[in-house]
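I'm starting a fresh notebook page for this one. The plan is to look things up piece by piece and jot down what turns up.

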Amino acid sequence: MEKEKWVIVGETLRKAREALGLTLEQLSQKTDIPVWKLRLIEEGQFDRVDAPFYVRHYIRLCAQQLGLDADQLIGAEDLSKEHVEPESRRKERSTAGFLNTLMMVVCLIALVMFIYSAVRFFGVLNQPSAKLVNTGNQAILLDGKPVVPGESVLLKVGSRYKVENNKGGCTIVTMNRRWVIRVENFEVVLWER
C-alpha cells in the first residue's frame with residue numbers, strides 16, 4: 001500500500017467518524033483501541049502504530065463501528081506487504097548484530113587480559129626486589145644488625161642500606177642478576193625501574 005493510500009484510508013475513517021458525530025475517545029471506547037493509535041491511523045501513519053497485522057485489525061474494527069466495508073477500505077493489497085523488511089536490510093541488521101557481539105567479546109577478552117596483567121604487575125611489586133646474601137665466613141653488619149654467614153636478608157625498593165665488615169664477601173641477588181661484592185664497607189640503594 002502506498003503512503004498516499006494510507007492517508008486516504010485514514011481520511012476515510014476520520015470523515016466517517018465525524019459524519020457519525022463520534023469523537024476519538026468515543027471510538028476508542030467502542031473498539032478498545034487507544035486514542036493515540038486511532039489518531040495515527042487517521043493521519044495515515046500506520047508504521048508508527050503497530051505491526052501491520054494489528055493495523056489491519058484496527059482498521060477492520062474501526063470500519064465495522066463506522067459502517068464501512070473493511071475489505072473495500074483496505075483493498076486487495078495487504079498492509080503487511082508494505083512493511084516486509086527487504087532482504088538487504090535484514091542482512092545489514094544481522095551483520096550489525098554479529099559485529100556488536102564480536103565487539104563485546106573482544107572487549108571482554110581485553111578486560112580479562114587487563115585484570116590479569118594488573119594482578120601480575122602488582123604481584124611483582126609486592127615481591128622483594130632484591131636480597132643480600134652473606135657468602136663470607138664471618139658475620140657482616142647490615143644497618144647495624146648482624147647477618148651470619150649463609151643468611152639472606154630481603155631488601156626493599158626505595159630503601160638505603162649500609163653494609164659494614166664485609167670481609168669475606170656478600171652477594172646481592174635481584175630477579176635476573178647477581179652481584180658479588182668484596183668491598184668492606186658500602187651502601188646499597190634500590191630503585192624501581
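Which residues in helix 2 meet which residues in helix 3? I looked this up before anything else, keeping in mind that this is a predicted model. On the helix 2 side I noted Leu-24, Glu-25, Leu-27, Ser-28 and Thr-31, and on the helix 3 side Val-35, Leu-38, Arg-39 and Glu-42. Sorted by class, this contact holds 4 nonpolar, 2 polar and 3 charged residues.

**Entry: how the two helices cross**

Helix 2 covers residues 24–31 and helix 3 covers residues 35–42. I get an angle of about 110 degrees between them, and their axes are 9 Å apart. Angles of 65 to 115 degrees count as roughly perpendicular, so helix 2 and helix 3 are roughly perpendicular to each other. I also wrote down the handedness: the crossing of helix 2 and helix 3 is right-handed.

**Entry: Arg-17**

Next I went to helix 1, residues 3–19, where Arg-17 lies. Is Arg-17 buried or exposed? Its relative accessible area is 8%, and under 20% counts as buried, so Arg-17 goes down as buried. I then listed what Arg-17 touches, leaving out residues up to four places away in sequence: Leu-22, Thr-23, Leu-24, Leu-27, Glu-42 and Leu-66. Leu-24 and Leu-27 also turned up on the helix 2 side of the helix contact, and Glu-42 on the helix 3 side.

**Entry: the sheet with strand 1**

On to the strands. I found an open sheet of 4 strands in the order 4-1-6-7, with antiparallel pairing. Strand 4 (152–155) and strand 7 are at its edges; each has a single partner strand, so one side of each has no neighbour in the sheet. From one strand to its neighbour the turn is 20 degrees on average, ignoring direction.

How many bridges pair strand 1 with strand 6? I count 5 bridges between strand 1 (residues 130–134) and strand 6, in the antiparallel sense. For one pair in register, I noted Asn-134 opposite Cys-170 in strand 6.

**Entry: Asn-176**

Where is Asn-176? I found it in the loop between strand 6 (170–174) and strand 7 (178–181). Asn-176 has a relative accessible area of 56%, and over 50% counts as exposed, so I marked Asn-176 as exposed. I also checked Asn-176 against Ala-130: the two are 46 residues apart in sequence, and their C-alpha atoms are 9.7 Å apart in space.

**Entry: the sheet with strand 5**

Here I have another open sheet of 4 strands, ordered 3-2-5-8 and paired antiparallel. Its edges are strand 3 (145–147) and strand 8, each with a single partner strand, so each has one side without a neighbour in the sheet. The twist from one strand to the next averages 30 degrees.

I followed strand 5 to both of its partners. Strand 2 (residues 140–142) runs antiparallel to strand 5, and 2 bridges join them. Leu-142 stands opposite Val-163 there. With strand 8 (residues 186–189), strand 5 pairs over 4 bridges, again in the antiparallel sense. In strand 8, Val-188 is the bridge partner of Tyr-161, and Val-189 is the bridge partner of Arg-160.

Which residues of strand 5 are on the covered face? Across residues 160–164, I put Tyr-161 and Val-163 on the covered face and Arg-160, Lys-162 and Glu-164 on the uncovered one. A general reminder for myself: in a regular strand, side chains alternate between the two faces of the sheet.

**Entry: two positive phi values**

Another general reminder: most residues other than glycine have a negative phi. I looked up two residues with a positive phi.

- Asp-143 is not a glycine, yet its phi is positive, at about 55 degrees. I placed Asp-143 in the loop between strand 2 and strand 3, and it is partly exposed, with a relative accessible area of 41%.
- Asn-165, also not a glycine, has a positive phi near 60 degrees. Asn-165 lies in the loop between strand 5 and strand 6, and it is partly exposed, with a relative accessible area of 32%.

Methods: Residues numbered from 1 in each chain as written. Predicted model: local features only at pLDDT ≥ 70, side-chain atom pairs only at ≥ 80, totals over all residues. Heavy atoms only, no water. Axes fitted to C-alpha atoms, helices over the stretch in contact; angles between N-to-C directions. Parallel < 35°, antiparallel > 145°, perpendicular 65-115°, else oblique. Left-handed = near helix turned anticlockwise from the far one by under 90°. Contact = heavy atoms within 4.5 Å. Nonpolar A, V, L, I, M, F, W, Y, C, P; charged D, E, K, R; others polar. Buried < 20%, exposed > 50% of the residue type's maximum accessible area, 1.4 Å probe, protein only. Pairing = 2+ DSSP bridges.
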